Amino acid sequence: MPEPYRVVSMLIEAIQGDITGLEVDAVVNAANSALAGGGGVDGAIHAAAGRYELHAACAAIGHCDSGDAVATSGFRLPARWIIHTVGPVWHGGNHGEEGTLASCYRRSIEVATELGARSVAFPAISTGVYGYPPDAAARVAVNTLRSLAGTAVVDTALLVAFDARTLSIYRELLGEG
Ligand code: AR6
């Protein structure tokens, strides 16, 4: 019989800052399906982790579907692992965007659990280049993470806002507003 996971609660906290500097077990990257690197948080993570090493690790994996997640080493980041997830491109909200975004958070926590990561930091997936409205995306993030509390070894999920507006949306949803 496998050991049951013992952690019964997951702290969900919002902070503002640059995700690349965080001392957590894993940072989540808002990647693209080709895992090819890009702008936004993906560009920042590649630059901070080491472009050459991270590009090679991503190329070895090759692909990640929207809503799925894969892991690499964190290389030069303080974080031990990078969990690459691919958010939905916003097409107005009637194209399965919410389900795909929820899947990003769920799969990232599942991958973190497989790795044994206890603290995981998430950027506001899809809310930059991919155009997902920040308030709707934040609701999906908070609701999905809350629904996963008790199922994972992850005991701390950090929602990392890059800007003050996103931070205030998270705070309000978390009841800290
Ligand atoms: N730390 C934390 N959050 C950040 C940082 C950072 N260093 N830099 C940006 N953000 P985006 P997406 C925030 O565009 O919408 C890439 O080219 C940013 O303010 O990075 O999922 C990929 O390769 C925003 O709130 O990701 C894909 O092609 C959030 O991170 C595509 O963009 C997400 O914005 C993915 O687009």
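**Figure 1. Helix H1, strand E6 and helix H5 help to line the largest pocket of this predicted model.** E6 covers residues 156-161 and H5 covers residues 164-173, and H1, E6 and H5 each supply at least two lining residues. H1 gives the largest share, 4 residues. Helices (at least four residues) and strands (at least two) are DSSP runs. A pocket is an open set of 1 Å grid points where a 1.4 Å probe fits, with protein on both sides within 12 Å along at least five of seven lines; lining residues have an atom within 4 Å of a point.

**Figure 2. Here we look towards the centre of the largest pocket.** Which residues lie nearest its centre? Look for Ala30, Gly40, Val41, Asp42 and Gly128, which belong to a lining of 29 residues. The ligand sits in this pocket (more than half of its atoms lie within 2 Å of the grid points).

**Figure 3. A shell of 20 residues surrounds the ligand.** Each has a heavy atom within 4 Å of the ligand. Asn32, Val41, Asp42, Ser126 and Val129 come nearest. Helix H1, residues 40-49, again stands out: the largest share of the shell, 4 residues, comes from this helix.

**Figure 4. Polar contacts link the ligand to Asp42, Thr127 and Ile19.** In such a contact, two N or O atoms are within 3.5 Å. One ligand oxygen lies 2.7 Å from a side-chain N or O atom of Asp42. For Thr127, the distance from a side-chain N or O atom to a ligand oxygen is 2.9 Å. At Ile19, a polar backbone atom is 3.0 Å from a ligand nitrogen.

Residues are numbered from 1 along each chain as its sequence is written. In this predicted model, local features need pLDDT of at least 70 and side-chain atom pairs pLDDT 80 or more, while totals for chains, interfaces and linings use all residues, and side-chain values use heavy atoms, without hydrogens and water.

Methods. Polar contact = N/O pair within 3.5 Å; in protein donor to acceptor, adjacent residues only side chain to side chain.
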